[in-house]
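Biologist: Hello! I am new to this one, so could you walk me through how its parts get their labels?
Modeller: Gladly, let us look together.

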Amino acid sequence: MKDLNISVSQLPGIGQKITMKTSEDDMLVIIVHHTGKRELYFFDDGDSEEADFAMDLTPEETRELAAQLLGATYQPVDIEKIRMFKRQIIVDYIKVKAKSSLVDKTIEESDVRNKTGATIIGIVHGEDMVAIPESDTTIKPGDVLMSIGKEEQISSLSKLCQGEE
């Protein structure tokens with residue numbers, strides 16, 4: 001991967017020009033005026049003479065943009081933490097058999113979360129799909145429960161849906 005290429009040059013009577021060329025050959029040019037005004041020019045092709053996008057920023061807008069870029073209001077999650085989380089969490093679709101104790105009970109009455117630890121995040125009733133079902137949604141035979149939980153929680157819910165509790 002190529003490094004970010006940054007060059008700075010003085011613009012007499014105006015201020016400073018900062019040019020950033022990315023590893024993907026995009027280019028951002030920032031003109032910083034002595035007055036504090038900033039002009040931003042974005043080039044999709046770093047070798048192009050004409051900017052694809054341009055905008056002016058006041059000093060206050062520049063500070064806010066810088067704060068946002070530095071993560072003042074949002075910090076991305078470490079991808080390794082996401083991978084670890086994904087290895088622990090399972091989303092599964094589990095069919096409810098007629099002999100299951102869940103049949104004809106509402107989600108609240110079934111107490112699935114307390115019994116298994118798994119959470120029902122959707123139900124497929126034949127052709128109908130209910131995303132994030134309410135606690136008063138009744139579970140019917142043949143329903144498919146979209147559930148999320150750890151492996152042992154999903155296994156426990158699966159047994160409950162099969163009538164093997």
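Modeller: This is a predicted model. Let us begin with strand 3 and strand 4 (residues 38-43), which run antiparallel and are joined by six bridges.

Biologist: What makes strand 3 and strand 4 count as paired?
Modeller: Pairing asks for at least two bridges between two strands. Strand 3 and strand 4 have six bridges, so they count as a pair. In one of these contacts, Ile 30 has Leu 40 in strand 4 as its bridge partner.

Biologist: And what lies between the two strands of that hairpin?
Modeller: Four residues lie between strand 3 and strand 4, and Gly 36 in this hairpin has a positive phi near 105 degrees.

Biologist: How do you know that strand 2 pairs with strand 3?
Modeller: The same kind of reasoning helps. Strand 2 (residues 15-21) shares seven bridges with strand 3, in the antiparallel sense, and the requirement is at least two, so these strands pair. Lys 21 stands opposite Met 27 in strand 3. Strand 2 and strand 3 also form a hairpin, with five residues between them, and Asp 25 in the turn has a positive phi of about 70 degrees.

Biologist: Why is strand 3 called mostly covered?
Modeller: A residue is buried if its relative accessible area is under 20%. Five of the seven residues in strand 3 (residues 27-33) are buried, so the strand is described as mostly covered.

Biologist: Why is Asp 3 called exposed?
Modeller: The exposed label needs a value over 50%. Asp 3 has 67% relative accessibility, so it counts as exposed. Asp 3 is found in the segment before strand 1 (5-11). In space, Asp 3 is 7.2 Å from Thr 22, C-alpha to C-alpha, although the two are 19 residues apart in sequence.

Biologist: Is there another sheet story to tell, and what is the strand order in the open sheet?
Modeller: Four strands form it, in the order 6-11-8-9, with antiparallel pairing.

Biologist: Why do strand 6 and strand 9 stand at the edges?
Modeller: Strand 6 (90-95) and strand 9 (128-131) each have a single partner strand, so one side of each is left without a neighbour in the sheet. On average, neighbouring strands of this sheet are turned by 20 degrees against each other, direction ignored.

Biologist: What packs on this sheet?
Modeller: Helix 5 (residues 151-162) does, touching strand 6 and strand 11 (144-149). The direction of helix 5 makes about 5 degrees with that of strand 6.

Notes:
Residues are numbered from 1 along each chain as its sequence is written. This is a predicted model: local features need pLDDT of at least 70, side-chain atom pairs count only at pLDDT 80 or more; totals for chains, interfaces and linings use all residues. Side-chain values use heavy atoms; hydrogens and water are left out. Buried means under 20% relative accessible area, exposed over 50%, partly exposed in between (1.4 Å probe, protein chains only). Axes are lines fitted to C-alpha atoms, for helices over the stretch in contact, and angles run from 0 to 180 degrees between N-to-C directions. Contact means heavy atoms within 4.5 Å.
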